[in-house]
Each structure stands twice: as structure tokens, then as C-alpha cells.
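Please open the model in your viewer and keep the sequence panel beside it. This tour goes from one selection to the next and says what you will find at each stop.

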Amino acid sequence: MTHADRHTAHHGIDHGTHHAPRPVADSHDQAELLDLDAEVLAEHIAAITTWLPVGAAPQEIVDLGCGTGTGTFALLGRFPEAHVTAVDSSAEHLHRLREKARAEGVQERVRTVQADLDAADWPGLGTPGLVWASASMHHMADPDRALRRVHDLLAPGGLFAVVELAGFPRFLPEGAPEERPGLEDRCHAATDRFHAEHVSHRGADWGPMLTAAGFAVEGERTVAVNIEDSPDGAVGRYALATLRGIRGAAASELPHEDLAALDRLLDTDGPHSVLRRTDLVVRTERSVWAARRTN
Ligand SMILES: C[S@@+](CC[C@H](N)C(=O)[O-])C[C@H]1O[C@@H](n2cnc3c(N)ncnc32)[C@H](O)[C@@H]1O
């Protein structure tokens, strides 16, 4: 199984030579993308949490590389008695997560911890019955070491859920945009090359790695996503944020004509803006591995 990574924000580069609207993905852009991801894929993420073979409902949960809290809030909903420790290196993401927790009245059930999970020592994260890591493990400099640490962190019998993505989602129909058909395919090929160089564990098969770290892998599942636009335009906004991220990773690899066509899609004031399209469909996959600490 292959996976890819559509999150490029902390690898954002821009070698484009001409004007483009907000081309470089930054932390704010990533936060926006993560929030839209949560909004558009809410049902799919909930389905993954429902599928998890947890046994007894966990009281303590850790969300590693929590971002703006997509997993944190899904898990709080799935396990109404649980508390979640949400860990990330980004102060901005954690701030946003805390604001959302307050807005939803669940701040008493959420603790945020700012930490670099690549550092030699992890801060105290309790003894969770469930650890969740969505689209974060492949960012680890030494994923094998991170998996062993999660193993040691979990309560005996606890579950580790590794969720990974099938690259950036796709949105455009075949043959679009009209002046540069196949643009989305070429963008994805370019981001794949970029990520192969910069995020080497994207696309890893986490099953054998989890087994090597001492886990018993109890299940693996891939959820196909196919979502048509909603009346509130969330899919269009998700497409816009995604294409901005793609531009950040792919700009230097794309021919000038493709970059220009991409920028026309990104120009929210222009006639070719992706926000004006009514034919967008979110197409992607999520995969999850459920791994148990057995001793
Ligand atoms: C692609 S985002 C996923 C966020 C969230 N789990 C989700 O599913 O929406 C990856 C997250 O991992 C965090 N991250 C990456 N490397 C990290 C590290 N070494 N230590 C802590 N967090 C890290 C990033 O800040 C980012 O929020």
C-alpha cells in the first residue's frame, strides 16, 4: 500500500517567478487546511474512531502531532468520559486547539503539551489507554524510535492508532482545467517527488514497523473518501487551501504554463478561481493501523 503526504506547510518553498496570490504555505495556511480537513472529512474520521478495537473505553488518550485538534475532538466525542493530552511542536496550532476546546466547552477534558517529539526525551504524557497519531508519525526523524516510545508510554493492553493519508486530496474532474488538462496529476507527481526527498517516511507500511516496535497489529483499514461539494462551499475552500499547499511544494518542479494555470485557480478574484467551480469532488484515502501493547 502506498501513502503520500499532502501536508507541506513546514516544508513550504516557492520558486515561482511571477505574481501569485498567497503562494507560500505557512503555519497559518496549514492550520486552515487542517481545520477544513476536519470539517469536510468529519464523518470519515468519526468512522475511523468508531472502528478502533479499543476494548474498554480509554480514560486517558494522547494525540501525538495533534495539529489543530481534528483527532482530539473526534476522540472526545467518541469517548465521552476520556481526557485527551494533545501534543504538538506548534504553539500556534495548540493555541487554536485550546480556543476550540473553550468554544465547545470541553476545555476541562483537554491538556495541551508543546513538545518536539524528535527530542531525546518526551515530557510526561501520563499512562494512556489509547494513543492516536494522525498524519504525524511520518514526520518523525526516527519513526522506529518514536514507535518504541509510544509502546513504552501506553498502558499495558493499550492501543496505538496510526492514521496516514493518501497524499493531497484531488478535486478537479478529468480534463480540467480546460486550458491545462492533467494539471492536477502533474502537481501531484511534483509534490510526490518533493516529499520523497523531504519526508522520507511518507508512504511507509506501518504494520511491520509497529510489529518491530513490539506491538501486536490487530487491524488495518483503508477508508476511501469521495465527497461532492456542499452548499456551504467547504469543498471549494478545502480545494483552495490544498492547492496552495501543493503550490508550496511543487512550484519549482512545474512548467511555467502549469504554474500560471495553478495560479489562476488560486486567484480568488479571478474568473478561473477554484472557488467558482461547481464540479469539485474530494477524492482521497485514509489508512489506519490499530496496534496493541500486549505486555
Ligand atoms: C499533517 S499535520 C496533522 C495534524 C493532525 N494530527 C491532523 O490529523 O489533522 C502534522 C502535525 O505534526 C506536527 N509535528 C510534526 N513534527 C513534529 C514533531 N517533531 N514534534 C511534534 N509535532 C510535530 C506538526 O506541527 C503538525 O501539526
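Does S136 count as buried or exposed? Select S136 in this predicted model, and you will find the residue in the loop between β5 and α5. At 5% relative accessibility S136 counts as buried, because the cut-off for that word is under 20% relative accessible area. If you set aside the neighbours within four places in sequence, S136 is in contact with L64, G65 and E164.

Now select A135, which is found in the loop between β5 (130–134) and α5 (143–153). A135 has a positive phi of about 55°, although A135 is not a glycine. With a relative accessibility of 12%, A135 counts as buried.

From this loop, widen the selection to β5, α5 and β6, which together make a right-handed β-α-β unit. The strands β5 and β6 pair in the parallel sense over 5 bridges, and if you pick L130 you will see that it stands opposite L159 in β6. Stay on β6 and colour the strand by accessibility: β6 is mostly covered, with 8 of its 9 residues buried. On β6 you can also look for the pairing with β8, where 7 bridges join the two strands and the direction is antiparallel. To see one of these pairs, select A161, whose bridge partner in β8 is A290.

Follow the chain onward from β6 (159–167) into the loop that leads to α6, and select P177, which has its place there. A cis peptide bond joins A176 and P177, with omega at about -10°.

The next selection is helix α1, residues 27–40. This helix has 14 residues and reaches 20 Å from its first C-alpha to its last, close to the 20 Å expected at 1.5 Å a residue. Show the side chains of its buried residues, among them L33, L34, L36 and V40; the list also includes D29, D35 and D37. The buried residues of α1 pack against several elements, including α2 (42–51), α3 (70–78), α4 (91–103) and β8 (281–292).

V40 leads to the next stop, since V40 is one of the residues with the most contacts inside the largest nonpolar core, together with Y238, L262 and V282. That core has 33 residues, and the elements that give two or more residues to it are α1, α6 (183–198), β7, α8 and α9 (256–266). Of these, α8 gives the most, with 9 residues. For a detailed view, centre on L262 and leave aside its neighbours within four places in sequence: L262 is then in contact with L183, C187, L243, R247 and L254. A second, separate core of 27 residues can be selected afterwards, and it includes V62, A146, F160 and F215.

Finally, zoom out to the whole chain, which has 9 helices and 8 strands. Its radius of gyration is 19 Å, close to the 19 Å that the globule rule gives for 295 residues, so the chain is as compact as a globular protein of that length. Along its principal axes the C-alpha trace spans about 60 × 40 × 30 Å. Of the 295 residues, 54% count as buried, and among contacts between residues at least 6 apart in sequence, 79% join residues at least 24 apart.

Key: Residues are numbered from 1 along each chain as its sequence is written. This is a predicted model: local features need pLDDT of at least 70, side-chain atom pairs count only at pLDDT 80 or more; totals for chains, interfaces and linings use all residues. Side-chain values use heavy atoms; hydrogens and water are left out. Helices (H or I, at least four residues) and strands (E, at least two) are DSSP runs, numbered from the N terminus. The expected span of a helix is 1.5 Å times one less than its number of residues. Buried means under 20% relative accessible area, exposed over 50%, partly exposed in between (1.4 Å probe, protein chains only). Contact means heavy atoms within 4.5 Å. A nonpolar core is a set of buried Ala, Val, Leu, Ile, Met, Phe, Trp, Tyr and Cys residues joined through side-chain atoms within 4.5 Å. Two strands pair if DSSP finds at least two bridges between them. A crossover is right-handed if, with the strands pointing away from the viewer, the path from the first strand over the helix to the second runs clockwise. The radius of gyration is taken over C-alpha atoms; the globule rule is 2.2 Å times the number of residues to the power 0.38.
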